[in-house]
Amino acid sequence: MAKNSSMREQIFWDRLSGKLNTKRESHEITVNKINSFLNKDDEILDFGCAAGLITNDIAKNVKWADGIDISPKLVEAANKNANEEGIENATYFSLDLFNENLKKESYNVIMAINVIHFLKNSDDYIQRFYDLLKPGGIFISLTVAMKEEFHFTRISIPFLGAIGVIPKMHYYNKNQLKEITSSNGFKILDIEEFNFTKYPQYFIAAQK
Ligand SMILES: C[S@@+](CC[C@H](N)C(=O)[O-])C[C@H]1O[C@@H](n2cnc3c(N)ncnc32)[C@H](O)[C@@H]1O
(Lines give C-alpha, C1' and ligand atoms only; values in the text may rest on other atoms or scores of the structure.)
Protein backbone atom coordinates (compact mmCIF):
# COMPACT_ATOMS: atom_id res chain seq x y z
CA MET A 1 0.00 0.00 0.00
CA ALA A 2 1.37 3.41 -0.96
CA LYS A 3 2.62 5.54 1.97
CA ASN A 4 0.01 8.28 1.66
CA SER A 5 -2.88 6.35 0.21
CA SER A 6 -5.63 4.17 1.60
CA MET A 7 -7.21 0.83 0.81
CA ARG A 8 -10.33 2.77 -0.17
CA GLU A 9 -8.38 4.57 -2.91
CA GLN A 10 -6.97 1.28 -4.16
CA ILE A 11 -10.48 -0.18 -4.36
CA PHE A 12 -11.71 2.93 -6.21
CA TRP A 13 -8.97 2.64 -8.86
CA ASP A 14 -9.41 -1.14 -9.14
CA ARG A 15 -13.08 -0.53 -9.90
CA LEU A 16 -12.19 1.99 -12.62
CA SER A 17 -9.72 -0.40 -14.23
CA GLY A 18 -11.97 -1.18 -17.21
CA LYS A 19 -12.51 2.50 -18.02
CA LEU A 20 -8.81 3.32 -17.62
CA ASN A 21 -7.90 0.59 -20.11
CA THR A 22 -9.29 2.69 -22.97
CA LYS A 23 -7.23 5.32 -24.75
CA ARG A 24 -8.43 8.89 -24.17
CA GLU A 25 -9.04 11.31 -27.04
CA SER A 26 -5.96 13.19 -25.82
CA HIS A 27 -3.74 10.09 -26.02
CA GLU A 28 -1.76 10.85 -29.20
CA ILE A 29 -1.16 14.52 -28.33
CA THR A 30 0.01 13.59 -24.82
CA VAL A 31 2.34 10.83 -26.06
CA ASN A 32 3.82 13.08 -28.79
CA LYS A 33 4.45 15.86 -26.31
CA ILE A 34 6.15 13.49 -23.82
CA ASN A 35 8.21 11.92 -26.63
CA SER A 36 9.65 15.32 -27.50
CA PHE A 37 11.56 15.17 -24.15
CA LEU A 38 12.83 11.57 -24.47
CA ASN A 39 16.01 9.96 -25.77
CA LYS A 40 16.43 6.36 -26.90
CA ASP A 41 18.81 5.57 -24.00
CA ASP A 42 16.43 6.84 -21.32
CA GLU A 43 15.23 4.71 -18.41
CA ILE A 44 11.88 6.05 -17.31
CA LEU A 45 9.40 5.69 -14.48
CA ASP A 46 5.69 6.26 -15.13
CA PHE A 47 4.06 6.95 -11.75
CA GLY A 48 0.29 6.21 -11.77
CA CYS A 49 0.66 4.32 -15.04
CA ALA A 50 -2.83 2.74 -14.91
CA ALA A 51 -3.16 0.13 -17.72
CA GLY A 52 0.14 1.26 -19.26
CA LEU A 53 -1.48 2.74 -22.37
CA ILE A 54 0.83 5.77 -22.37
CA THR A 55 3.80 3.85 -20.92
CA ASN A 56 3.68 1.16 -23.61
CA ASP A 57 3.74 3.77 -26.38
CA ILE A 58 6.57 5.67 -24.68
CA ALA A 59 8.55 2.41 -24.21
CA LYS A 60 8.87 2.15 -28.00
CA ASN A 61 11.17 5.20 -27.93
CA VAL A 62 13.30 4.58 -24.83
CA LYS A 63 15.61 1.93 -23.38
CA TRP A 64 13.41 0.90 -20.48
CA ALA A 65 10.12 1.88 -18.84
CA ASP A 66 8.92 0.97 -15.33
CA GLY A 67 5.29 1.68 -14.51
CA ILE A 68 3.94 1.73 -10.96
CA ASP A 69 0.36 2.09 -9.79
CA ILE A 70 -1.65 1.79 -6.61
CA SER A 71 -4.16 -0.54 -8.34
CA PRO A 72 -3.12 -4.22 -8.69
CA LYS A 73 -5.88 -4.70 -11.29
CA LEU A 74 -4.47 -1.93 -13.47
CA VAL A 75 -0.94 -3.29 -13.09
CA GLU A 76 -2.22 -6.68 -14.23
CA ALA A 77 -3.90 -5.02 -17.23
CA ALA A 78 -0.69 -3.09 -18.03
CA ASN A 79 1.42 -6.27 -18.06
CA LYS A 80 -1.21 -7.98 -20.24
CA ASN A 81 -1.30 -5.06 -22.68
CA ALA A 82 2.51 -5.05 -22.94
CA ASN A 83 2.53 -8.81 -23.62
CA GLU A 84 -0.17 -8.52 -26.27
CA GLU A 85 1.70 -5.70 -28.01
CA GLY A 86 5.02 -7.58 -27.81
CA ILE A 87 6.61 -4.81 -25.73
CA GLU A 88 9.51 -6.33 -23.81
CA ASN A 89 11.10 -3.22 -22.29
CA ALA A 90 8.17 -2.16 -20.06
CA THR A 91 7.50 -3.69 -16.64
CA TYR A 92 4.70 -2.88 -14.24
CA PHE A 93 4.49 -3.13 -10.47
CA SER A 94 1.97 -2.37 -7.77
CA LEU A 95 4.61 -0.62 -5.71
CA ASP A 96 4.71 2.29 -3.30
CA LEU A 97 6.77 5.18 -4.68
CA PHE A 98 8.61 5.27 -1.34
CA ASN A 99 9.57 1.57 -1.49
CA GLU A 100 13.31 1.07 -0.93
CA ASN A 101 13.58 -1.09 -4.06
CA LEU A 102 13.32 2.16 -6.03
CA LYS A 103 16.86 3.50 -6.02
CA LYS A 104 17.92 7.14 -5.83
CA GLU A 105 19.25 8.70 -9.05
CA SER A 106 18.17 5.75 -11.19
CA TYR A 107 15.84 7.31 -13.79
CA ASN A 108 16.42 9.77 -16.64
CA VAL A 109 12.72 10.68 -16.82
CA ILE A 110 9.81 10.40 -14.38
CA MET A 111 6.25 10.96 -15.57
CA ALA A 112 3.14 11.71 -13.49
CA ILE A 113 0.28 12.04 -15.95
CA ASN A 114 -3.21 12.90 -14.65
CA VAL A 115 -2.35 11.88 -11.09
CA ILE A 116 -0.82 14.71 -9.02
CA HIS A 117 -4.23 16.20 -8.12
CA PHE A 118 -5.11 12.89 -6.43
CA LEU A 119 -2.10 12.97 -4.09
CA LYS A 120 -2.57 13.99 -0.48
CA ASN A 121 0.95 15.30 0.07
CA SER A 122 2.10 16.16 -3.41
CA ASP A 123 5.30 17.79 -2.07
CA ASP A 124 6.44 14.45 -0.59
CA TYR A 125 5.91 12.75 -3.95
CA ILE A 126 7.59 15.48 -6.01
CA GLN A 127 10.58 15.47 -3.64
CA ARG A 128 10.77 11.70 -4.06
CA PHE A 129 10.64 12.09 -7.88
CA TYR A 130 13.56 14.51 -7.52
CA ASP A 131 15.55 11.99 -5.48
CA LEU A 132 14.84 9.12 -7.90
CA LEU A 133 15.99 11.14 -10.94
CA LYS A 134 19.57 11.18 -12.12
CA PRO A 135 21.22 14.64 -12.11
CA GLY A 136 19.84 16.51 -15.12
CA GLY A 137 16.85 14.12 -15.28
CA ILE A 138 13.44 15.31 -16.46
CA PHE A 139 10.16 15.35 -14.52
CA ILE A 140 7.06 15.44 -16.71
CA SER A 141 3.58 16.08 -15.35
CA LEU A 142 0.12 16.72 -16.74
CA THR A 143 -2.33 17.98 -14.13
CA VAL A 144 -5.83 19.38 -14.21
CA ALA A 145 -6.18 22.92 -12.82
CA MET A 146 -9.64 22.83 -11.30
CA LYS A 147 -9.12 26.11 -9.47
CA GLU A 148 -9.16 28.02 -12.76
CA GLU A 149 -12.74 27.39 -13.90
CA PHE A 150 -16.10 27.00 -12.23
CA HIS A 151 -18.29 24.06 -13.22
CA PHE A 152 -20.93 22.16 -11.29
CA THR A 153 -18.41 19.38 -10.60
CA ARG A 154 -16.47 21.77 -8.36
CA ILE A 155 -19.33 21.36 -5.89
CA SER A 156 -20.03 17.66 -6.36
CA ILE A 157 -16.38 16.47 -6.37
CA PRO A 158 -15.51 17.72 -2.83
CA PHE A 159 -18.81 16.31 -1.55
CA LEU A 160 -18.16 12.87 -3.10
CA GLY A 161 -14.56 13.04 -1.81
CA ALA A 162 -15.73 13.92 1.72
CA ILE A 163 -18.11 10.96 1.91
CA GLY A 164 -15.46 8.64 0.45
CA VAL A 165 -17.16 7.83 -2.86
CA ILE A 166 -14.16 9.09 -4.84
CA PRO A 167 -10.61 9.97 -3.72
CA LYS A 168 -10.21 13.56 -2.53
CA MET A 169 -9.07 15.77 -5.39
CA HIS A 170 -6.87 18.81 -4.94
CA TYR A 171 -7.63 22.03 -6.76
CA TYR A 172 -4.64 23.74 -8.35
CA ASN A 173 -4.12 26.69 -10.63
CA LYS A 174 -1.24 27.17 -13.04
CA ASN A 175 0.93 29.10 -10.57
CA GLN A 176 0.48 26.53 -7.83
CA LEU A 177 1.47 23.73 -10.23
CA LYS A 178 4.59 25.68 -11.17
CA GLU A 179 5.29 26.38 -7.49
CA ILE A 180 5.03 22.74 -6.29
CA THR A 181 7.45 21.80 -9.07
CA SER A 182 10.06 24.51 -8.62
CA SER A 183 9.91 24.61 -4.80
CA ASN A 184 11.05 20.98 -4.82
CA GLY A 185 14.23 21.87 -6.69
CA PHE A 186 13.20 21.54 -10.34
CA LYS A 187 13.90 24.09 -13.06
CA ILE A 188 10.86 24.44 -15.30
CA LEU A 189 11.73 23.90 -18.97
CA ASP A 190 8.30 24.02 -20.58
CA ILE A 191 4.71 24.64 -19.61
CA GLU A 192 1.78 24.21 -21.98
CA GLU A 193 -1.95 24.48 -21.46
CA PHE A 194 -4.03 21.57 -22.80
CA ASN A 195 -7.78 21.82 -23.14
CA PHE A 196 -9.00 18.24 -23.35
CA THR A 197 -11.57 18.60 -20.55
CA LYS A 198 -13.78 21.36 -19.18
CA TYR A 199 -10.96 22.33 -16.84
CA PRO A 200 -7.56 23.36 -18.25
CA GLN A 201 -4.67 20.94 -17.78
CA TYR A 202 -1.02 21.93 -17.59
CA PHE A 203 1.79 19.94 -19.10
CA ILE A 204 5.01 20.75 -17.25
CA ALA A 205 8.50 19.50 -18.09
CA ALA A 206 11.13 20.32 -15.49
CA GLN A 207 14.79 19.43 -14.96
CA LYS A 208 16.69 18.29 -11.87
C1 LIG B 1 -6.56 9.32 -13.80
S2 LIG B 1 -5.51 7.91 -13.77
C3 LIG B 1 -4.24 8.35 -14.92
C4 LIG B 1 -3.60 7.17 -15.54
C5 LIG B 1 -2.52 7.44 -16.60
N6 LIG B 1 -1.37 8.12 -16.05
C7 LIG B 1 -3.11 8.19 -17.75
O8 LIG B 1 -2.92 9.41 -17.84
O9 LIG B 1 -3.79 7.58 -18.57
C10 LIG B 1 -4.69 8.05 -12.21
C11 LIG B 1 -3.88 6.79 -11.89
O12 LIG B 1 -3.07 7.07 -10.75
C13 LIG B 1 -3.09 5.94 -9.89
N14 LIG B 1 -2.80 6.41 -8.52
C15 LIG B 1 -3.54 7.22 -7.74
N16 LIG B 1 -2.91 7.45 -6.56
C17 LIG B 1 -1.75 6.76 -6.62
C18 LIG B 1 -0.66 6.58 -5.70
N19 LIG B 1 -0.66 7.16 -4.50
N20 LIG B 1 0.38 5.78 -6.08
C21 LIG B 1 0.38 5.19 -7.29
N22 LIG B 1 -0.62 5.31 -8.20
C23 LIG B 1 -1.67 6.10 -7.87
C24 LIG B 1 -4.48 5.35 -10.05
O25 LIG B 1 -4.56 4.00 -9.68
C26 LIG B 1 -4.72 5.58 -11.56
O27 LIG B 1 -4.28 4.47 -12.31
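Okay, let's start at one residue: leaving aside anything up to four places away in sequence, Phe-194 touches Ser-26, Leu-142, Gln-201 and Phe-203. Keep in mind that we're looking at a predicted model. Phe-194 sits in strand β6. Ser-26 is 168 residues away from Phe-194 along the chain, yet their C-alpha atoms are separated by 9.1 Å. So is Phe-194 buried or exposed? Neither, quite: it has 15 C-beta neighbours inside 10 Å, so it counts as partly exposed.

Let's zoom out for a second. The protein chain has 208 residues, and buried ones make up 38% of them. There are seven helices and seven strands. If you walk from the N terminus, the order is α-α-β-α-β-α-β-β-α-β-α-α-β-β. And that Phe-194 and Ser-26 pair fits a wider theme, long-range contacts: among contacts with a separation of 6 or more, 70% are between residues 24 or more positions apart.

Now, the core. Which residues have the most contacts inside the largest nonpolar core? They are Ile-44, Phe-47, Ile-58, Ala-78, Ile-110, Met-111 and Phe-139, out of 52 residues in that core. Strand β4, residues 107–113, gives the largest share of this core, with six residues. As a bit of background, nonpolar side chains tend to be buried together in soluble globular proteins.

Let's pick Met-111 from that list. Not counting residues up to four places away in sequence, Met-111 touches Ile-34, Ile-44, Asp-46, Phe-47 and Ile-140. Ile-140 is in β5, and Met-111 stands opposite it. The two strands, β4 and β5, run parallel and are joined by six bridges. β5 itself is mostly covered, with nine of its twelve residues buried.

There's another parallel pair to show you: four bridges join β2, residues 64–68, to β3. Across that pair, Asp-66 stands opposite Thr-91 in β3. How do the side chains along β3, residues 90–93, behave? They alternate: Ala-90 and Tyr-92 point to one face and are buried, while Thr-91 and Phe-93 point to the other and are not. That alternation between the two faces of the sheet is what you get in a regular strand.

Next up, helix α7, residues 174–182. Its buried residues are Leu-177, Ile-180 and Thr-181. Looking down the axis of α7, those buried residues fall within an arc of 100°, so they line one face of the helix. On the other side of α7, Asn-175 and Glu-179 are exposed. What do the buried residues of α7 pack against? The partners are α5, β5, β6 and β7. The general rule here is that an α-helix has 3.6 residues a turn, so residues three or four places apart point the same way.

Just a quick stop in the loop between α6 and α7, where we find Pro-167. Pro-167 has 20 C-beta neighbours inside 10 Å, so it counts as buried. It's also 49 residues from Phe-118 in sequence, but 6.8 Å from it in space, C-alpha to C-alpha.

Last thing, the ligand. There are 18 residues around it, and Trp-13, Gly-48, Ala-50, Ile-70 and Asn-114 come nearest. What classes of residue make up that shell? It has 13 nonpolar, four polar and one charged. That's my tour, thanks!

How values were computed:
Residues numbered from 1 in each chain as written. Predicted model: local features only at pLDDT ≥ 70, side-chain atom pairs only at ≥ 80, totals over all residues. Core = buried A, V, L, I, M, F, W, Y, C linked by C-beta atoms within 7 Å. Contact = placed C-beta atoms within 7 Å. Arc of directions from axis to C-beta. Near = placed C-beta within 6 Å. Nonpolar A, V, L, I, M, F, W, Y, C, P; charged D, E, K, R; others polar. Pairing = 2+ DSSP bridges.
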